[in-house]
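Visitor: I would like to hear how the descriptive words used for a protein model are backed by numbers. Could you take me through it?

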Amino acid sequence: MNSETFNPPQRILMGPGPSDVHPRVLSALARPTVGHLDPAFSAMMEEVKGMLRQLFRTDNALTFPISGPGMTGMESCFVNLVEPGDKVIVCRNGVFGDRMQDIAKRCGGEVTVLDDAWGTPVDPQKLEDALKAQPGTKVVAFVHAETSTGVQSDAAALCKLASDHGALSIVDTVTSLGGIPVEVDGWGADAVYSGTQKCLSCPPGLSPVTFSPRAAEAVKARTTPAVSWFLDLGLVMGYWEGGGGKRAYHHTAPVNALYGLHESLKMILDEGLENSWARHAAMHATLKQGLEELGLSFLVDEAHRLPQLNAVNVPDGVDEAAVRSHALNAYGLEIGAGLGALAGKVWRIGLMGQSANERNIALCLRALKDGL
C-alpha cells in the first residue's frame, strides 16, 4: 500500500483537550534526539522537575512527569498507594471519579463510592461522615477539576478531612494545573497527578505527578509489589531521582516529548503562574458574556464553575452534534461533546493554555451563532 506523508488539517482546539500548542513548543519537539541517559538530557530533567514543583506549588522531592497520558498518572497513584484489602473512599461526581473507583478495585482495594450529582462539587460533609463511619481508611480520592462537567471541588477541605482521619489523598488536577490555583503543599495533598495537553498546552503523552513525603513512605512500606511493573515508583524513582549521571535505567523516556514539556513550562513561568490563572479567568468572563448574549446557559453554578472548561447546555430541539460538525467543517474549530450522563446535553468548550485568547473566543461565538 502506498501511503502519503500525513499532513494534519489546521484546527483551533477549544474542546476538553488537547489545547492549541504554541509554535515554540512544536519547534522544541523537533530538536535533535539524544539518549535518555545523556548528561545534557539529565540536566534538562532536573529543570523540568524544578519547574513542575513551581506549578504544583510544592517542595516535594518526588515530582516528575510519567511517560504516558494523564490516565497513567491516575493509575500510578493508585497502584502505588493501594494494596489488597486497603479501604479506599472515592468521591465521584463525573466520568473521572468513576475511573478512579475502577482502578482502585483492580488494585484490590475495598472501595466506597460517594456520589454527587454531575455538575456539582464533591460534598465535604459526605466525606467526613464516611471517614467517621470507616476508621482505618487508607486513601481518599477525588477530582479537583472534573473535565466531564466543568465543576471545581474544594481540594483544601477534602485533603484536610483525609489527613485529619489518617488517610492519604489522591487528587486529579489534569484540567486544573496551570489554569486555576493548585496548591499541593497548601492543601496537604499526598499524591497529585495532571496531564500536559490541557492548560500546559503541550502535546498529550506525559503526566506530571507529585508525591508527598508521607506518600513516598507509604510506597516504601508496601508489603506487596505494585500491580504494574512500569508504574512501580520503587523502580521509577531510580531513574527520575538520580542526578549527576547516576540514573538507573528503567525505560527509554520520550526524549522529544520532554523537550516540549520543558518549553511549555518555561513559557508558563515566563508569563507568571498567577498571570496565567488571571488570563484564564478573564477569558472565561468574555466567553460567558458572549454565550449569554446567544441565550445559552452553563451546567455548573458560577461559584463552582471552572474558567478553563465550560459545560454549556444544549438548547431544546438543537442537534448538538450537527452544531459541532458545522463548527469543525466551516470554521476549523473543535469543541467537545458531553460524556456519559451528559452525552447529547452539553457542549464542552475549553479555554485552556494557548487556546484561552480573545481571537479564539470570537471565532467560537461566531461558529455557535451560525450553527444555531
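Guide: Here is a short conversation about sheets, buried residues and empty spaces.

Guide: Please keep in mind that this is a predicted model, where local features need pLDDT of at least 70, side-chain atom pairs count only at pLDDT 80 or more, and totals for chains, interfaces and linings use all residues. Residues are numbered from 1 along each chain as its sequence is written, and side-chain values use heavy atoms, with hydrogens and water left out.

Visitor: What makes S2 and S4 edge strands?

Guide: The open sheet of seven strands has the order S2-S10-S9-S8-S5-S3-S4, with mixed pairing. S2 and strand S4 (110–115) each pair on one side only. Strands here are DSSP runs of E with at least two residues, helices are runs of H or I with at least four, and both are numbered from the N terminus. From one strand to the next, the twist averages 20°.

Visitor: How do you know that S2 and S10 are paired?

Guide: Two strands pair if DSSP finds at least two bridges between them. S2 and S10 are joined by six bridges and run antiparallel, so the pairing rule is met. In this pair, Leu 62 has Phe 211 of S10 as its bridge partner. S9 is joined to S10 by three bridges, also antiparallel, and there Ala 191 has Phe 211 as its partner.

Visitor: What makes the mixed label fit the seven-strand sheet?

Guide: S2 and S10 run antiparallel, whereas strand S3 (residues 87–92) and S4 run parallel, with six bridges between them. Cys 91 stands opposite Leu 114 in S4.

Visitor: Why is S10 called largely enclosed?

Guide: Six of the six residues of S10 are buried, so the rest of the structure largely encloses this strand. Buried means under 20% relative accessible area, exposed means over 50%, and partly exposed is in between (1.4 Å probe, protein chains only). Leu 206, Pro 208 and Thr 210 are buried on one side, and Ser 207, Val 209 and Phe 211 are buried on the other. In a regular strand the side chains alternate between the two faces of the sheet. Helix H2 (residues 39–56) lies across S2, strand S9 (191–193) and strand S10 (206–211), running at about 110° to S2. That angle is taken between N-to-C directions, on a scale from 0 to 180 degrees, using lines fitted to C-alpha atoms, for helices over the stretch in contact.

Visitor: Is Thr 175 buried or exposed, and how do you know?

Guide: Thr 175 has a relative accessible area of 0%, so Thr 175 is buried. Thr 175 lies in the loop between strand S8 (168–172) and helix H7 (184–187). Leaving aside neighbours within four places in sequence, the residues in contact with Thr 175 include Ala 145, Leu 306 and Met 352; contact means heavy atoms within 4.5 Å.

Visitor: What makes the meeting of the Thr 175 and Thr 147 side chains a polar contact?

Guide: The two side chains come to 2.6 Å. A polar contact is a pair of N or O atoms within 3.5 Å; within protein, one must be able to donate a hydrogen and the other to accept it, and residues adjacent in sequence count only if both atoms are side-chain atoms. The value of 2.6 Å is therefore within the cut-off. The side chain of Gln 308 also reaches the backbone oxygen of Thr 175, at 2.9 Å. Gln 308 is buried too, with a relative accessible area of 0%, and sits in the loop between helix H11 (273–293) and S11.

Visitor: Why is one empty space called a cavity and another a pocket?

Guide: On a 1 Å grid over the protein atoms alone, a cavity is a set of points where a 1.4 Å probe fits but cannot get out, while a pocket is an open set with protein on both sides within 12 Å along at least five of seven lines; lining residues have an atom within 4 Å of a point. Grid points are joined across faces, edges and corners, and a volume is the space filled by probe spheres set on the points. The whole structure holds one cavity of 30 Å³ or more, and the largest cavity contains about 50 Å³ of space. S2 gives the largest share of that cavity's lining, four residues. The largest pocket holds about 470 Å³ and is lined by 18 residues. H1 gives the most to the lining of the largest pocket, with three residues.
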